[in-house]
Amino acid sequence: MRSPPQLTGLLGGSFNPAHGGHRRISLFAAQALGLDEVWWLVSPGNPLKPRAGMAPLKARLRSARQQARRAPIVPTAIERQLGTRYTIDTLRSLVRRYPKRRFVWLMGADNLAQFHQWKDWRQIARTMPIAVIARPGYDAAAMTSPAMAWLRRYRVPAASFRKRGQWSAPALVLLRFDPDHRSATAIRRANAGWAEALAGPDRNDDKHDTPLRDRLTFRSIRTEEGA
Ligand SMILES: Nc1ncnc2c1ncn2[C@@H]1O[C@H](COP(=O)(O)OP(=O)(O)OP(=O)(O)O)[C@@H](O)[C@H]1O
Ligand SMILES: O=C(O)c1ccc[n+]([C@@H]2O[C@H](COP(=O)([O-])O)[C@@H](O)[C@H]2O)c1
């Protein structure tokens with residue numbers, strides 16, 4: 001009998017730095033959608049964000065590894081390997097590269113609010129389902145956004161996602177958990193030296209380009225909270 005496809009959430013981000021909110025929303029999304037794991041795509045550079053104040057990719061990836069410990073979360077700098085920067089290009093590449101997996105794009109409500117500014121955003125929605133996680137301060141803007149005006153007709157309840165083999169795109173799932181107020185901006189404001197602190201010697205530095213490994217599946221997602 002054929003094994004069921006691995007259900008994989010993709011959380012793209014600057015992770016400048018990664019924080020407990022990333023971990024928490026990933027674990028909650030995994031549980032709500034029945035995902036086997038969540039890959040964090042640590043971006044070489046968000047096309048819409050200024051480079052100023054952006055820590056080196058290596059430091060951001062290191063912070064992601066720290067936050068992902070002992071969880072079914074795989075931090076990766078795969079966009080650097082693929083040479084992609086725009087999400088549509090990354091997702092097309094991943095779908096080709098991992099034909100046995102089913103992917104869902106995860107993002108916070110702040111990103112839905114500006115999703116219509118992303119390159120080929122409707123094509124992103126046609127490439128894989130999207131799950132949006134509520135975020136304090138952004139939900140109203142997200143719900144009234146131009147992208148939401150188009151996406152709302154594809155809205156499906158989270159329970160549908162749990163039925164394997166029924167993933168089709170476009171599909172939009174809105175996820176609401178206890179709001180998580182943490183943000184990388186707040187951390188940067190509170191601790192201007194985080195990047196330097198994380199940029200010390202690391203024996204795993206060359207794992208930067210390690211291909212994603214097929215990991216054990218984690219059926220029972222723990223909902224523990226990170227820092
Ligand atoms: N507290 C949160 N609640 C919901 N979504 C979140 C939260 N923190 C981050 N996200 C989502 O995680 C993804 C990666 O976020 P990112 O690395 O930009 O962190 P951030 O805290 O939003 O950073 P910054 O404050 O620098 O914009 C994005 O889709 C973002 O919307
Ligand atoms: O493809 C685009 O046009 C695009 C525009 C803005 C942001 N993104 C992606 O959105 C994800 C979230 O970015 P960020 O900086 O808000 O964490 C990250 O994977 C970015 O590469 C992608």
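Of the 19 residues around ligand 1, those that come nearest are Gly13, Gly21, Gly108, Ala184 and Thr185. The model is predicted. A second ligand, ligand 2, is surrounded by 15 residues. Strand β1 supplies at least two residues to the shell around ligand 1, and at least two to the shell around ligand 2. The points below take the two ligand shells, helix α4, Leu41 and some backbone features in turn.

**Ligand 1**

- Five elements each give at least two residues to the shell around ligand 1: β1, α1 (20-33), β4 (101-108), α5 (109-113) and α10 (184-190).
- Helix α1 gives the most, with three residues.
- By residue class, the shell around ligand 1 holds nine polar, six nonpolar and four charged residues.

**Ligand 2**

- The closest residues to ligand 2 are Gly12, Gly13, Ser14, Asn46 and Trp118.
- Gly13 is thus listed among the closest residues to ligand 2, and it is also listed among the nearest to ligand 1.
- Strand β1 (6-13) and helix α4 (87-97) each supply at least two residues of the shell around ligand 2.
- That shell divides into seven polar, six nonpolar and two charged residues.

**Helix α4**

- Thr87, Thr90, Leu91 and Leu94 are the buried residues of α4.
- Viewed down the axis of α4, these buried residues fall within an arc of 95°, so they line one face of the helix.
- An α-helix has 3.6 residues a turn, so residues three or four places apart point the same way.
- The cover over the buried residues of α4 includes β1, β2, α3 (78-82), β4 and α6.

**Leu41**

- Leu41 sits in strand β2, which spans residues 37-42.
- Leu41 is buried because 25 other C-beta atoms lie within 10 Å, and the cut-off for burial is 20 or more.
- Leaving out residues up to four places away in sequence, Leu41 touches Leu10, Leu11, Gly12, Thr76, Ile78, Glu79 and Thr90.
- One of these contacts, Thr90, is a buried residue of α4.
- Another contact of Leu41, Gly12, is among the closest residues to ligand 2.
- Lys58 is 17 residues from Leu41 in sequence, and the C-alpha to C-alpha separation of the pair is 13 Å.

**Cis peptide bonds**

- The Asn16 to Pro17 peptide bond is cis, with omega near 5°.
- Pro17 belongs to the loop between β1 and α1.
- Ala169 and Pro170 are also joined by a cis peptide bond, with omega about 0°.
- Pro170 is placed in the loop between α9 (158-161) and β6 (172-175).

**Positive phi outside glycine**

- Arg70 is not a glycine, yet its phi is positive, near 55°.
- The loop between α2 (57-67) and β3 (73-76) holds Arg70.
- Arg70 counts as exposed because it has 8 C-beta neighbours inside 10 Å, where the limit for exposed is 12 or fewer.
- Asp120, also not a glycine, has a positive phi of about 50°.
- Asp120 lies in the loop between α5 and α6 (121-127).
- Asp120 has 15 C-beta neighbours inside 10 Å, so it counts as partly exposed.

Technical notes:
Residues are numbered from 1 along each chain as its sequence is written. Chains are lettered from A and ligands numbered from 1 in the order in which they are written. This is a predicted model: local features need pLDDT of at least 70, side-chain atom pairs count only at pLDDT 80 or more; totals for chains, interfaces and linings use all residues. A residue is near a molecule or strand if its C-beta atom, placed from the backbone, lies within 6 Å of it. Helices (H or I, at least four residues) and strands (E, at least two) are DSSP runs, numbered from the N terminus. Ala, Val, Leu, Ile, Met, Phe, Trp, Tyr, Cys and Pro count as nonpolar, Asp, Glu, Lys and Arg as charged, and the others, Gly among them, as polar. Two residues are in contact if their C-beta atoms, placed from the backbone, lie within 7 Å. The arc is that of the directions from the helix axis to the C-beta atoms.
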